[in-house]
Amino acid sequence: MKHVRMPVPGVSLGCDYNPEQWSPDVWREDVALMRQAGVDLVAVNIFGWSNLEPSPGEYRFDDLDEVVELLHAGGIKLNLGTGTSSPPPWLTTLHPEVLPVAADGTTRFPGGRQAWCPSSPVFRERALDLVGRVARRYGDHPALALWHVSNELGCHNALCYCETSAEAFRNWLRGRYRKIETLNAAWGTSFWSQRYGDWSEIQPPRLALSLRNPAQIVDFHRFSSDELLGHYRAEAAVLREHSEAPVTTNFMVTAHIRNLDYWSWAPEMDVIANDHYLDHRLGDPVAELSFAADLTRGLAGGRPWMLMEQAAGAVNWQPHNLTKAPGEMIRNSLTHVARGADSVCFFQWRASAQGAEKFHSALLPHAGTDTLAWREVLRLSGILDRIGEVAGTEVEADTALLFSWDSWWSAEGEARPSQAVTYLDQVHAAHRALRELGATTDVIAPGADLSRYRLVVVPCLYMVSDTDAQAIADYVAGGGRVVVTFFSGIVDERDRIRLGGYPGAFRDLLGVVAEEFAPLLPGMSVSLSNGGTGTLWTERLRVTTATVEAEYLDGPMPGIPAITRNQYGDGLAWYVATKTDLSDLLRTITGARQTGQAEIVRRTGDGRGYLFVINHGTDPVECPATGHDLITGQAVDGLLRVEGGGVAVVREEAP
């Protein structure tokens, strides 16, 4: 078994707490209610800067001291924030140059949160001074279980286009390319007379009158991710100088946040932590939850991780903020646990009475404890206690899906064959098809070791390096099976087209060559010879060594291959050249059966096995199982039945 520095033993329950919003008598009531609810871990001082340092150099720790001691006396561990997530008003008043600038060149002002430029030396200096004071004061406190650097780094301010950022971008480019001629070649600056003669001529990709240089935009994303990671490293270094507690920050692996390449961030964390909220703007928000949990587990290298934030009910930032039905919060929480989380935390403890998040749900709602929401919290707490022995085990998965932030950034460039084709939609569709077949899938980075998987799915991997493409080919040659979907392998890591026909890097592996793309207009579809339907995309494809599995029957490419299969070495590689339901193809490859809305996931380790069955649907599901249901306390003898909306966690035993 691998080990990770989880802050609290067992499967813990936690929450964010903002005591600065409440009076001291409420603090004492809150700690008592936290104990009643079985809260193990509380995040404090997340937005505490203006309270700790109300004016420059004036520090007041009395309130935080009292809250820390109240929590400690209540037996509750601390997830202690550094307090630097948003600057206090005095800082942006004295130093307006720390404010971020948008792509249109306009300044973004205080009044919200994260009103700071990631490249600002003034912000960095003041933030690290505060971090040092917090670390020295609480670094050895017996209640301290985890350090929480800033908060949701880059949620709003990941891309800053100010002059300070421009100079930092130039320095980053010097480190990456060394010579200006190398940069010119990488960016293709011979196009539109963009050739640079000196580093000083380079600007961030601010809004222009026309389309911008796509390679420059991708590099600016890379720079921006690295710049915020540099800030994390700086705060973490100060914390580690004064404390031995583990250090992390909360990732945002979710559908609407794409600006940070968490594959590069993950090695810096003592434990991987993620914030996730159901997004009802998506067609299937629960399927996206499962994907996000699998990707977070991938970032954790398969080891246990933390759900740092989720909502007990409605959020406050979607066009329609839907509450959760009875049992839904428990099903959501256990889906994260099934897919590797050993800690389930919420934003926040007590619903705010003021501010931009006053309509965001909380463990303790505005209506108090005589509520369904509170009773759901107590029920979840009891379940987490009963399944605590699951902690430390790891998720079993024999399929993998490749995911790349570089491809996300580059595939959605300003000028592309179809604006209707978006990277994450294709990734979600592939993962959803696997999930509905009952396959548990590791979401991993291109270049990762593929040897243990029986199937690898490569959706819309538009940008891929030679090395990473070869790793996929070697896996198939050694007997593996891979499914590659359209708009994959098109460019190298410089966003340069791979000449000779699409799908570029994967032509030999797939045994096909596409001469041109033929996207479909929204609402259009084509019929396939296997009985399926294609949308969004077709292409003029011909086989070289592959066999045809399905053709287009109509549309712009009648009689042209749409799905192919190729023997490559000892393995097989499929290519899907349109957007179609992947379930039938994946079912044929894996032999899996349809499970619909039920999560059926197994965690194992140290000779123990636990089967999670979470039924998000209304119809009952049945699956083979023998053992003991930790939630109900009942024995399971050969067949487990879980009613619609129900959950089960079975400690498995040999029949």
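**Loops, helix contacts and salt bridges in a predicted model**

Q: Where is the place of Gly-523?
A: This model is predicted. In the model, two strands flank Gly-523, strand 15 (512–517) on one side and strand 16 (525–527) on the other. The place of Gly-523 is therefore the loop between strand 15 and strand 16.

Q: Is Gly-523 buried or exposed?
A: The relative accessibility of Gly-523 is 83%. The cut-off for exposed is over 50%, so Gly-523 counts as exposed.

Q: What distance separates the C-alpha atoms of Gly-523 and Arg-133?
A: Gly-523 and Arg-133 are 390 residues apart along the chain. In space, their C-alpha atoms are separated by 59 Å.

Q: What distance separates the C-alpha atoms of Gly-607 and Thr-393?
A: Gly-607 is in the loop between strand 22 (598–605) and strand 23 (608–615), and at 88% relative accessibility it counts as exposed. Along the chain, Gly-607 and Thr-393 are 214 residues apart. Their C-alpha atoms are separated by 9.6 Å.

Q: Are helix 6 and helix 8 roughly parallel or roughly perpendicular to each other?
A: Two packed helices are described by the angle and the distance between their axes. The axes of helix 6 (residues 163–177) and helix 8 (residues 214–242) come within 10 Å and cross at roughly 100°. Angles of 65 to 115 degrees fall in one class, so helix 6 and helix 8 are roughly perpendicular.

Q: How many residues of the contact of helix 6 with helix 8 are charged?
A: On the helix 6 side the contact includes Phe-169, Trp-172 and Arg-176, and on the helix 8 side it includes Asp-219, Phe-223 and Glu-227. Of the residues in this contact, seven are nonpolar and two polar, and the number of charged ones is five.

Q: How is helix 10 oriented to helix 14, and what is the rough crossing angle of their axes?
A: Helix 10 and helix 14 (residues 423–436) have axes that come within 10 Å. Their crossing makes helix 10 roughly perpendicular to helix 14. The angle is roughly 95°.

Q: How many residues of the contact of helix 10 with helix 14 are nonpolar?
A: Residues of helix 10 in this contact include Val-286, Phe-291 and Asp-294, and those of helix 14 include Leu-424, His-431 and Arg-435. The contact has three polar and four charged residues, and its nonpolar residues number five.

Q: Which residue meets Asp-294 in a salt bridge at 2.7 Å?
A: Asp-294 lies in helix 10 (residues 285–299), and its partner is in that helix too, three residues apart, about one turn. Both residues are buried. Asp-294 also belongs to a network of salt bridges whose members include Arg-339, Arg-435 and Glu-599. The partner at 2.7 Å, N to O, is Arg-297.

Q: Which residue meets Glu-152 in a salt bridge?
A: The N to O distance of the pair formed by Glu-152 and Arg-113 is 2.7 Å. The pair links distant parts of the chain, 39 residues apart, with Glu-152 in the loop between strand 4 (144–148) and helix 6. Glu-152 is buried at 8% relative accessible area, whereas its partner counts as partly exposed at 27%. That partner is Arg-113.

Q: Which strand holds Glu-622?
A: Glu-622 meets Arg-641 in a salt bridge of 3.2 Å, N to O. Arg-641 lies in strand 25 (residues 635–642), so the pair ties together parts that are 19 residues apart in sequence. Arg-641 is partly exposed at 47%, and Glu-622 is partly exposed at 40%. Glu-622 lies in strand 24.

Q: How many disulfides does the count come to?
A: A disulfide needs cysteine sulfur atoms within 2.5 Å. The sulfur of Cys-155 has its closest cysteine sulfur in Cys-160, 16 Å away, which is too far for a bond. The count of disulfides is zero.

Q: What is the approximate phi of Cys-460?
A: Most residues other than glycine have a negative phi. Cys-460, in the loop between strand 13 (455–458) and helix 15 (466–477), is buried at 1% relative accessible area. Its phi is positive, at about 50°.

Q: What is omega for the peptide bond joining Phe-347 and Gln-348?
A: Most peptide bonds are trans. The bond joining Phe-347 and Gln-348 is cis, and Gln-348 is found in the loop between strand 9 (341–346) and helix 12 (372–386). Omega is about -5°.

Conventions: Residues numbered from 1 in each chain as written. Predicted model: local features only at pLDDT ≥ 70, side-chain atom pairs only at ≥ 80, totals over all residues. Heavy atoms only, no water. Axes fitted to C-alpha atoms, helices over the stretch in contact; angles between N-to-C directions. Helix = DSSP H or I, 4+ residues; strand = E, 2+ residues; numbered from the N terminus. Parallel < 35°, antiparallel > 145°, perpendicular 65-115°, else oblique. Contact = heavy atoms within 4.5 Å. Nonpolar A, V, L, I, M, F, W, Y, C, P; charged D, E, K, R; others polar. Buried < 20%, exposed > 50% of the residue type's maximum accessible area, 1.4 Å probe, protein only. Salt bridge = Lys/Arg side-chain N within 4 Å of Asp/Glu carboxyl O.
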